[in-house]
Amino acid sequence: MGSMSAPRPSTKESIREAAARLFPVHGYTGTSVRDIASAAGVDPALVIRHFGSKEELFLETMQLDDELHPLLDAPLEGFGERFIDYLLSEGDRVRSVYLALIRASESEGVVPRLRQMHDSAFVEPLQARLEGPDAELRARLAAAVVGGLLYALWVVRDEQLLAADRSDIVTRYGGLVQTIITPTA
């Protein structure tokens with residue numbers, strides 16, 4: 001009967017899953033290699049063997065590329081509203097990863113990689129789709145504007161924004177993002 005059960009995830013996958021569960025809850029500094037190993041049911045040495053360091057494991061598991069790429073591949077018309085709507089409606093994983101990354105930004109080794117992830121997850125895919133000589137600037141401004149909304153909602157927990165009509169935020173803020181990515185000439 002045992003052979004009929006689903007295959008056990010690999011050690012590396014077990015470690016990755018445990019880290020993906022623990023980092024958003026306890027943060028980068030509040031999650032130890034020992035905690036991750038314990039949750040994965042493995043020896044702590046295996047965490048380092050498979051991922052090199054806690055920092056590498058954190059950065060590998062706290063990524064949003066898979067969640068964001070379908071949105072970044074969609075038509076540019078209406079992109080702003082679609083993107084903001086997605087963040088506000090499907091945002092649980094995005095929110096937990098965003099908050100984990102913000103909290104980890106005080107860790108020196110994480111900052112350069114955060115910048116790299118910011119570029120690879122959002123700026124570069126959007127920039128590649130934009131026309132005009134200032135495409136990079138517009139993509140970076142769009143990322144900054146989106147980050148500002150997430151910060152206000154999820155870090156500051158602005159009560160008026162949290163209580164505001166979601167469709168109103170999607171329309172207004174989505175329009176702002178759309179204006180930024182649209183060439184001026």
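**Close-up 1. Glu-136 and Arg-140, a salt bridge along helix H9 of this predicted model.** The two residues sit four places apart in helix H9, so about one helical turn separates them. Their closest N and O atoms are 2.9 Å apart. Glu-136 comes out as partly exposed, at 37% relative accessibility, and Arg-140 is partly exposed too, at 32%. Searching the whole structure turns up seven salt bridges.

**Close-up 2. Arg-138 and Asp-134 joined by their side chains.** Here the N-to-O distance of the salt bridge is 2.8 Å. Is Arg-138 buried or exposed? At 4% relative accessibility, Arg-138 counts as buried, since the cut-off for that label is under 20%. Its partner Asp-134 is partly exposed, with 28%.

**Close-up 3. Arg-16 and Glu-60, a salt bridge between helices H1 and H4.** The closest N and O atoms of this pair are 2.5 Å apart. Arg-16 belongs to helix H1 (residues 11-26) and Glu-60 to helix H4 (residues 54-61), so the bridge ties together parts that are 44 residues apart in sequence. Both ends keep some accessible area: Arg-16 is partly exposed at 23%, and Glu-60 is partly exposed at 34%. Glu-13 joins in as well, giving a salt-bridge network of Glu-13, Arg-16 and Glu-60.

**Close-up 4. Phe-83 meets Phe-122 edge-to-face.** The model has six aromatic pairs. In this one, the ring centres are 5.1 Å apart and the planes make an angle of 70°. Phe-83 is in helix H6 (residues 79-89) and Phe-122 in helix H8 (residues 110-129), so the pair links parts 39 residues apart in sequence. Phe-83 and Phe-122 are buried.

**Close-up 5. Tyr-98 and Trp-154, another edge-to-face pair.** What are the centre distance and plane angle for Tyr-98 and Trp-154? The centres lie 5.8 Å apart and the planes sit at 65°, so the pair counts as edge-to-face. Tyr-98 comes from helix H7 (residues 92-104) and Trp-154 from helix H9 (residues 135-155), so this contact ties together parts 56 residues apart in sequence. Tyr-98 is buried, with a relative accessible area of 15%, and Trp-154 is buried at 9%.

**Close-up 6. Rings in a cluster, and lysines over ring faces.** Phe-23, Tyr-28 and Phe-58 are linked into a cluster by ring pairs. Tyr-28 also has Lys-54 over its face, 4.5 Å from the ring centre. Another case is Lys-12, which lies over the face of Phe-51 at 5.4 Å from the ring centre.

**Close-up 7. The largest nonpolar core, with Phe-122 among its best-connected members.** In soluble globular proteins, nonpolar side chains tend to be buried together. This core has 29 residues, and Ile-84, Phe-122, Leu-126, Val-146 and Val-177 touch the most other members. The elements giving two or more residues are H6, H7, H8, H9 and helix H11 (166-181). Which element gives the largest share? That is H9, with 10 residues. Apart from this core lies another one, of 24 residues, including Val-47, Ala-100, Ala-104 and Leu-114.

**Close-up 8. The surroundings of Phe-122.** Setting aside its neighbours within four places in sequence, Phe-122 is in contact with Leu-72, Phe-83, Met-117, Ala-139, Ala-142, Ala-143 and Val-146. Phe-83 is the partner from the edge-to-face pair, and Val-146, like Phe-122, is listed with the core residues that touch the most other members.

Key. Residues numbered from 1 in each chain as written. Predicted model: local features only at pLDDT ≥ 70, side-chain atom pairs only at ≥ 80, totals over all residues. Heavy atoms only, no water. Phe/Tyr/Trp six-rings, centres within 6.5 Å; stacked < 30°, edge-to-face > 60°. Buried < 20%, exposed > 50% of the residue type's maximum accessible area, 1.4 Å probe, protein only. Lys NZ or Arg CZ within 6 Å of the ring centre and 35° of its normal. Core = buried A, V, L, I, M, F, W, Y, C linked by side-chain atoms within 4.5 Å. Contact = heavy atoms within 4.5 Å. Salt bridge = Lys/Arg side-chain N within 4 Å of Asp/Glu carboxyl O.
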